[in-house]
Amino acid sequence: MAKEQDKFKQVISHAKEYGYIFSSSEIYDGLSAVYDYGQNGVELKNNIKNYWWKSMVQMHEEIVGLDAAILMHPKTWEASGHVDAFNDPLIDNKDSKKRYRADVLVEDYVEKLEQKAQKEIKKAEKRFGDKFDEQEFVSTHPRVVKYRQQSKEILERLGESLNNGDLVDVRNLIDELEIACPASGSRDWTDVKQFNLMFGTKLGASAESASDLYLRPETAQGIFVNFANVQKTSRHKIPFGIAQIGKAFRNEIVARQFIFRQREFEQMEMQYFVRPGEELKWFEHWKETRYKWHQSLGLGEENYRFHDHENLAHYANAATDIEFKFPFGFKELEGIHSRTDFDLKAHEELSGKKLQFYDPELKENYTPFVVETSIGLDRMFLAVFSAALQDEDLGDGKSRTVLKIPPILAPHKAAIFPLLKRDGLPEIAKEIMKELQWDFNVIYDEKDAVGRRYRRQDAAGTPFCITVDHDTKEDGTVTIRHRDSMEQQRVKIEDLKAIIQKEVDFRTVLES
């Protein structure tokens with residue numbers, strides 16, 4: 001646990017030191033759980049967006065994009081259920097005076113049980129080597145079976161209590177599990193209470209005439225209320241999808257874990273409209289498709305797992321999370337949900353407008369069912385950044401800190417160096433930079449010795465460093481250094497574009 005905390009602290013400090021993430025309004029001591037993306041951070045964030053958008057929209061002819069407004073008619077949130085039911089169960093510790101989400105406290109307890117089970121599995125794997133049968137071990141080893149059964153029973157009870165609104169039993173569960181405050185170690189808790197997460201705002205020229213609005217707590221509803229507009233103007237038949245990237249806002253009382261849980265965040269999501277009765281087939285399709293998308297970035301298959309929901313939201317008939325191993329453990333990265341026809345029917349009923357599709361093959365009107373894929377952009381950023389940040393032992397007492405961001409997502413694809421700040425070398429380096437700028441985001445760096453520049457670019461995540469030296473003037477070649485392997489090659493200037501393009505080509509990466 002201490003090692004994980006140290007890694008997380010390193011992630012946060014490195015993100016600031018290399019211009020990725022700053023605390024918002026830092027000169028005024030910051031704003032809790034609100035962050036700004038720096039010069040490198042905004043590039044990485046935009047590259048993640050572009051990779052998702054190309055994969056989701058450009059590569060699917062039946063999926064189109066949308067950019068809905070943040071402010072929506074207040075009835076939107078009545079229909080969606082957010083006004084009445086968008087709440088978190090909160091509990092206060094009387095000694096530390098800190099507030100927590102009660103369900104998260106229980107889920108963290110369950111995660112510790114899973115960590116104990118994983119420790120037993122790892123020990124057995126090491127002991128038995130190639131003869132180890134994990135499936136048989138987890139189904140027969142008494143401690144692993146016990147941990148897994150406990151986890152199942154706890155989560156089932158938690159889900160049932162939350163679905164029934166039985167907050168007394170949630171508090172009883174916390175007491176029975178002897179869950180202590182992470183800050184104080186105290187188990188002196190208040191009762192559990194519900195807290196609505198929506199930010200309220202006003203629309204109008206004066207306080208007297210202004211109407212109450214909400215900042216949207218999710219982006220999905222902008223897609224649902226535009227279903228008919230998009231379907232008619234795009235002329236798409238079922239099945240088809242609508243994708244969107246946009247900001248959402250939640251008044252998280254227990255915002256924590258850096259950019260993992262914020263009050264202002266971005267979502268990348270797609271709502272896929274299908275025939276009733278076919279939703280579970282498409283749910284499995286998108287579950288597999290989205291998992292492959294994550295694997296294409298090469299962040300390590302061992303860092304992903306599925307978590308199927310045993311207790312479903314009122315609008316869903318199937319749901320799973322793709323969880324990622326963050327420095328603080330496995331947590332939700334992306335959700336895939338079969339939302340049935342709940343949203344379209346709710347908006348149809350409250351608005352009085354038809355949100356149906358006439359299926360020419362079936363010759364009937366129906367309300368489509370929806371399969372949703374929704375990924376937090378900020379969480380994806382944190383997943384990429386934390387997995388990429390590594391300390392490498394180079395031998396002979398040497399080491400380096402390197403940010404192995406997938407090249408297709410890296411803020412800068414290459415840094416161009418003159419070996420010396422004289423003899424015409426800077427001029428040649430800048431000419432190379434100007435030529436590569438047409439195709440890639442590249443930077444120029446002439447400060448410090450070349451070795452220190454290499455280390456600086458390693459830590460910043462730049463995949464290639466290109467050095468111009470005196471031989472360049474003679475034969476038109478440069479040294480290109482690869483970040484991950486530290487291998488150096490002598491290549492012709494005119495070959496640089498092809499070498500870089502091979503590593504950042506969208507098709508190559510996605511097909512991998």
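Here are some worked exercises on this predicted model.

**Exercise 1. Work out how the chain is divided, and how domain 1 and domain 2 meet.**

Start with the bounds. Domain 1 takes 1-70 + 216-396, domain 2 takes 87-195, and domain 3 takes 412-511. Next, get the spacing: the C-alpha centres of domain 1 and domain 2 sit 25 Å apart. Then look at who touches whom. On the domain 1 side there are 14 residues in contact with 17 residues of domain 2. Together the two domains bury about 1,200 Å², with 47% of that on carbon and sulfur atoms.

Now for the charged and polar pairs. Two salt bridges cross the interface of domain 1 and domain 2. There are also two residue pairs in polar contact between these domains, both at pLDDT 80 or more. As for secondary structure, β11 (304-308) and β13 (329-340) each give at least two residues to the side of domain 1 that touches domain 2. Sort that side by class and you get five nonpolar, three polar and six charged residues.

**Exercise 2. Place Glu-114 and Arg-148, and say which parts of the chain their salt bridge ties together.**

Step one is the distance: the closest N and O atoms of Glu-114 and Arg-148 are 2.9 Å apart. Step two is the location. Glu-114 belongs to helix α5 (residues 102-128) and Arg-148 to helix α7 (residues 142-163), so the bridge ties together parts 34 residues apart in sequence. Step three is exposure. Glu-114 has 14% relative accessibility, so it counts as buried, while Arg-148, at 32%, counts as partly exposed.

**Exercise 3. Do the same for Arg-171 with Asp-191, then for Asp-212 with Lys-202.**

The first pair meets at 3.7 Å, N to O. Arg-171 is in helix α8 (residues 167-176) and Asp-191 is in the loop between α8 and β6 (193-196), so parts 20 residues apart in sequence are tied together. Is each partner buried or exposed? Arg-171 is buried at 19% relative accessibility, whereas Asp-191 is exposed at 52%.

The second pair meets at 2.5 Å, N to O. Asp-212 lies in strand β8 (residues 211-214) and Lys-202 in strand β7 (residues 200-203), so this bridge ties together parts ten residues apart in sequence. Lys-202 comes out as exposed, at 55% relative accessibility.

To set these pairs in context, the total is 42 salt bridges. Some are linked up: Glu-392, Arg-400, Lys-404, Arg-455, Asp-458 and Arg-481 form a network of salt bridges.

**Exercise 4. Describe the surroundings of His-14 and Thr-467.**

Take His-14, in helix α1 (residues 2-17). Its relative accessible area is 5%; the cut-off for buried is under 20%, so His-14 is buried. The side chain of His-14 reaches the backbone oxygen of Ala-459 at 2.7 Å. Setting aside neighbours within four places in sequence, His-14 contacts Phe-385, Leu-389, Thr-401, Leu-403 and Ala-459.

Now Thr-467, which is part of strand β21 (residues 464-468). Thr-467 is buried too, with a relative accessible area of 5%. Its side chain makes a polar contact of 3.3 Å with the side chain of Tyr-454. Beyond residues up to four places away in sequence, Thr-467 touches Phe-417, Leu-419, Val-450, Tyr-454, Val-478 and Thr-479.

Notes
Residues are numbered from 1 along each chain as its sequence is written. This is a predicted model: local features need pLDDT of at least 70, side-chain atom pairs count only at pLDDT 80 or more; totals for chains, interfaces and linings use all residues. Side-chain values use heavy atoms; hydrogens and water are left out. Domain bounds come from an automatic or database domain assignment. Contact means heavy atoms within 4.5 Å. Buried area is the accessible area (1.4 Å probe) that two parts lose on being put together, summed over both. A salt bridge is a side-chain nitrogen of Lys or Arg within 4 Å of a carboxyl oxygen of Asp or Glu. A polar contact is a pair of N or O atoms within 3.5 Å; within protein, one must be able to donate a hydrogen and the other to accept it, and residues adjacent in sequence count only if both atoms are side-chain atoms. Helices (H or I, at least four residues) and strands (E, at least two) are DSSP runs, numbered from the N terminus. Ala, Val, Leu, Ile, Met, Phe, Trp, Tyr, Cys and Pro count as nonpolar, Asp, Glu, Lys and Arg as charged, and the others, Gly among them, as polar. Buried means under 20% relative accessible area, exposed over 50%, partly exposed in between (1.4 Å probe, protein chains only).
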